Amino acid sequence: MLRNRRIESHPILHFQRGKEVTIFFEGTPIKAFEGESLAAALYASGIDVFRWTPKLGRPRGPFCMVGKCGSCMVEVNGVAVRSCITPVREGMNIRRLRGLPTLPKNLDRMIEKENSDNPFEEVKTDVLIVGGGPAGMAASEVLASNGMNVFLVDDQIRLGGQLIKQTHIFFGSQELFAGKRGFRIAEEYEAKLRSLKNLHILLQTTAIGVFKEGVLLLNKGKGLIIKPKYVVLSAGAFENYLLFENNDLPGVMGAGGAQTLMNLYGVLPGREVVVVGSGNVGLIITYQLLQAGAKVKAIVEAAPRIGGWFVHAAKVRRYGVPILLRHTVIAAEGKDRVRAAIISEVDERWEPVKGTEKRIECDTILLAVGLTPNTELVRQFGVKTVYVPELGGLVPVRNKYLETNIPNVFVAGDVAGVEEATTAFIEGWIAAYSILIKEKGPQSQYVKKRNEYIRMLDEYRSSPVSARVRSGLRHVEVGGS
Amino acid sequence: MRRAEIAIVGGGITGLSAAYYLSLMGIDNISIYEAKYIGYGSTGRCAAGIRASFTSEVHVTLMKEAIKGWKKWSEEIDGVKFYQDGYLWLLTNDKEVRLHKEIMSLHNSLGVPTKLVDREEVKEIAPNIVLSDVMAALYDPTAGKSSPFDTTLALRRLLLKRGVKIHEYTKVLRMIRAGSKIKSITVEGVGEQEVEYVVIAAGFWSRELLQPLGYEIPIIGDPHHLMITEKVSPLVKPLVIHKASGSYLNQLPTGKIILGAEYPVRENDLELRIGFIIKAVKMMSRYFPSILNANLQRIWIGYYLKTPDHHPLIGFLPGLENAVIATGFSGHGYMMSPIIGEEIANLVVKGRPRLKATEKLRPSRFEEGEMLEEKAIFG
């Protein structure tokens, strides 16, 4: 039987849902709200299995919730889509995807102007910014309010990147949004951006690739070739997976994916949860799950110590959530949905120790095991990358002004090394002032601002918590003219 | 002192296949040197098609042998699969139809059973096709496809098991000559390595390796774009070519669709073009409109290595008794690889190839004025 997973009361969040609409899942009417993603609406109605895989017929449900994995693909009116980045619309007919998607005959992505040599519109602009999280928003604001013509593109339904699902309160200085919750920061910043007339915001738009003719964007199925003078790449990062038996069962989800469901859409990811990873993400999601009314059975951590900040760990411990160090998940059990997690101790070489297996009944396993910078586009631009584990994987080499080896191509935020929203904002500002200085000359107000932000970033990173980041940056930060 | 070895320069399909046959002939001191990784060059960038329907006798002979080889590899090498799904050339004007009637006769006379099929038959072979302006098609039921990634990885595994040394990210910087022999090679990060034989199968990069020795081999790199979609359910079995534009579509057994088109760019101009996407999609969506709904996954450029007569170079380098070259396949190196590898092994072990056709491909043919003829170089 399907069950409603919507969170009806929450101590700090008030979910403002859009107009109610009806969609049809394999013929059954389902309640949904305008403005939410199809994946959220289906999941809220108790649907676990979104698709069956082509080769082994395995069930799959949402994992990343940001369009990066394909695990939540369904057929909408005969077209296979990633349901997590598809907004609901009244009357949609949804079917589970069985095997490979069949290409539909109705041509809703028909290339326009069939007979012309170039069916795509071409646009020249000063700056193209790819990724509308904190870094991209910060850069957009500075550039557009200083007279530059800016295109900001993002493949999600909403602007704000990961901020829109962050419910914790930021600390630090006023300029860095102290005292505000992440989603509120995103809302306020978006309002500011919407008032800038030089700024063109394109959501649900994928930057497909870098070509001789320009950067190819796909905006809701429509092609657009953009020729920018400067580029800021701020595409963020994606969640890491973990290898264990049945790790593809519905109910195994990225912690970030679960945050999207819970904090953005007000949908409870599960009732009884095992969280894997005790970094800040693992600790914070645990606390948020408790707030939303779920039970967290355990946090499992392979390392011999807790990864995140002490304050967060202390909080979840006060709620009685056990943090099992030197443990890992070795299997999930269940048929169409997780029923239990099998955990085990690990030895010094991080190998599971036979005979130490324990079974924890749960319906959800959340993976909070780190992020990898989303560098596909960075590399397509020809930017040099190096592998730096401290920063999450392959990261672009750049100078302290965030310009890469490809002139006029800048990076900012998690794509340049996994850190956090605050540093992403600062990097966005630094990149923006660097572009202004390149374009308009070293005017003192720009240079002054940039120096301030560089100092602010150094200060922010001077705490012991940033030691790893500092050591990682030594491998990618070069020169700086 | 390390033992002198049989050094294969280039870890593409040609080098791997050569190593395989040398190993089968009992050679146990083989090393493959690859500057990047296995399949980095033209092999990993090819469109995965395999056919014997060529218009020169040499090509047909070699490809018939190669297809036998592909069938054998499918049976004998774990992980290699050959799918005999056919090729279909769509013909859209009278002139093409007339020409292909002649080409069919030529194929048939050389033992390749292609046939000219009418619109109805085209629809039977490819039920999802929209016939549009198709007048007829040339169908080759013996042609097929095979994944270059599966094949190279399968060969890599097998060769390692058989004791072949595979050095990836290891560039051969130069070859050192002593009289009529290559005495040794200089390997980046390793130093000088004595060689008994050297096989040059470095594709585009063969030219720069040979220049210092005074060999100007007549190959040019002709960059070709390809693109591939996400996996979708079966749309069409044979590889379909729109003859007039040189555009083609090849759905792989995984469900992904490769799209190609003639889109000429200069040898060193490797920037990807949106114009290519537009051309390939525009041409092939005329016959398969639903591909407009597929998501593009990747796009890349690989070299066709062209010689003046569009036939490869296989044989001893003039004046050298222990250096065999095999390159210049005009985009057909992957499909030909089973027979080419075998012939390289024959050259090394027995001093001459098994087939007369291979003899005709000797590198000295240009100086000797014995160029070959080939009219169909696409797909």
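**Cysteines, buried asparagines, sheets and the chain contact**

A:Cys69 sits partly exposed, at a relative accessible area of 34%. The model is a predicted one, and a search through the whole of it turns up 0 disulfides over all chains. A:Cys69 is accordingly in no disulfide, and the nearest cysteine sulfur belongs to A:Cys64, 3.8 Å away. Because a disulfide calls for two cysteine sulfur atoms within 2.5 Å, the 3.8 Å between A:Cys69 and A:Cys64 does not make the cut. A:Cys84 tells a similar story: for this residue the nearest cysteine sulfur is that of A:Cys72, at 3.8 Å, and again there is no disulfide. As for its surroundings, A:Cys84 counts as buried, with just 4% relative accessibility.

Two asparagines of chain A are worth a look next. A:Asn263 belongs to helix α4, which covers residues 255-264 of chain A. A:Asn263 comes out as buried because its relative accessible area is 6%, and the cut-off for that label is under 20%. Who are its neighbours? Setting aside residues within four places in sequence, A:Asn263 touches A:Leu13, A:Phe15, A:Lys165, A:Thr167 and A:Gln288. With A:Lys165 there is a polar contact to point to: the backbone oxygen of A:Lys165 lies 2.8 Å from a polar atom of the A:Asn263 side chain. A:Gln288, for its part, is 25 residues from A:Asn263 along the sequence, with the two C-alpha atoms 8.3 Å apart in space.

A:Asn399 is found in a loop, the one linking β25 (393-396) to β26 (409-411) in chain A. Loop or not, A:Asn399 is buried, at 11% relative accessible area. Its side chain has a polar atom 2.9 Å from the backbone nitrogen of A:Tyr401. So for A:Asn263 the backbone atom in question is an oxygen, and for A:Asn399 the backbone atom is a nitrogen.

The β25-β26 loop of chain A also holds A:Asn408. This residue has a positive phi of about 70°, and it is not a glycine. That stands out because most residues other than glycine have a negative phi. A:Asn408 has a relative accessible area of 21%, so it is classed as partly exposed. A:Arg326 is another non-glycine residue with a positive phi, here about 55°. A:Arg326 is placed in the loop that runs between β18 (323-325) and β19 of chain A, and at 26% relative accessibility it is partly exposed.

Strand β19 leads into a sheet of chain A. Here 3 strands, ordered β19-β20-β21, make up an open sheet with antiparallel pairing. The edges are held by β19 (327-334) and β21 (358-361), each pairing on one side only. From one strand to the next, the twist averages 30°. Strand β20 of chain A spans residues 338-345 and is joined to β21(A) by 4 bridges, the two running antiparallel. Within that pairing, A:Ile342 faces A:Arg359 of β21(A).

Chain B offers an open sheet of 8 strands, in the order β5-β6-β4-β13-β14-β15-β12-β16, and the pairing in this one is mixed. Its edge strands are β5 (115-118) and β16 (296-306) of chain B; each has a single partner strand, so one side of each has no neighbour in the sheet. The twist in this sheet averages 25° per step from strand to strand. One parallel pairing is that of β4 (residues 87-91) with β13 (residues 239-242) in chain B, over 4 bridges. There, B:Tyr87 has B:Leu239 of β13(B) as its bridge partner.

That leaves the contact between the chains. The size of an interface is often given as the accessible area lost when the parts come together. By that yardstick, chain B and chain A bury about 2300 Å² between them, with 62% of this on carbon and sulfur atoms. On the chain B side, B:Ile274, B:Leu292 and B:Asn293 together supply 30% of the area that chain B buries against chain A, more than any other three residues. In residue counts, the contact involves 28 residues from chain A and 28 residues from chain B.

Technical notes: Residues are numbered from 1 along each chain as its sequence is written. Chains are lettered from A and ligands numbered from 1 in the order in which they are written. This is a predicted model: local features need pLDDT of at least 70, side-chain atom pairs count only at pLDDT 80 or more; totals for chains, interfaces and linings use all residues. Side-chain values use heavy atoms; hydrogens and water are left out. Two strands pair if DSSP finds at least two bridges between them. Axes are lines fitted to C-alpha atoms, for helices over the stretch in contact, and angles run from 0 to 180 degrees between N-to-C directions. Buried means under 20% relative accessible area, exposed over 50%, partly exposed in between (1.4 Å probe, protein chains only). A polar contact is a pair of N or O atoms within 3.5 Å; within protein, one must be able to donate a hydrogen and the other to accept it, and residues adjacent in sequence count only if both atoms are side-chain atoms. Contact means heavy atoms within 4.5 Å. Buried area is the accessible area (1.4 Å probe) that two parts lose on being put together, summed over both.
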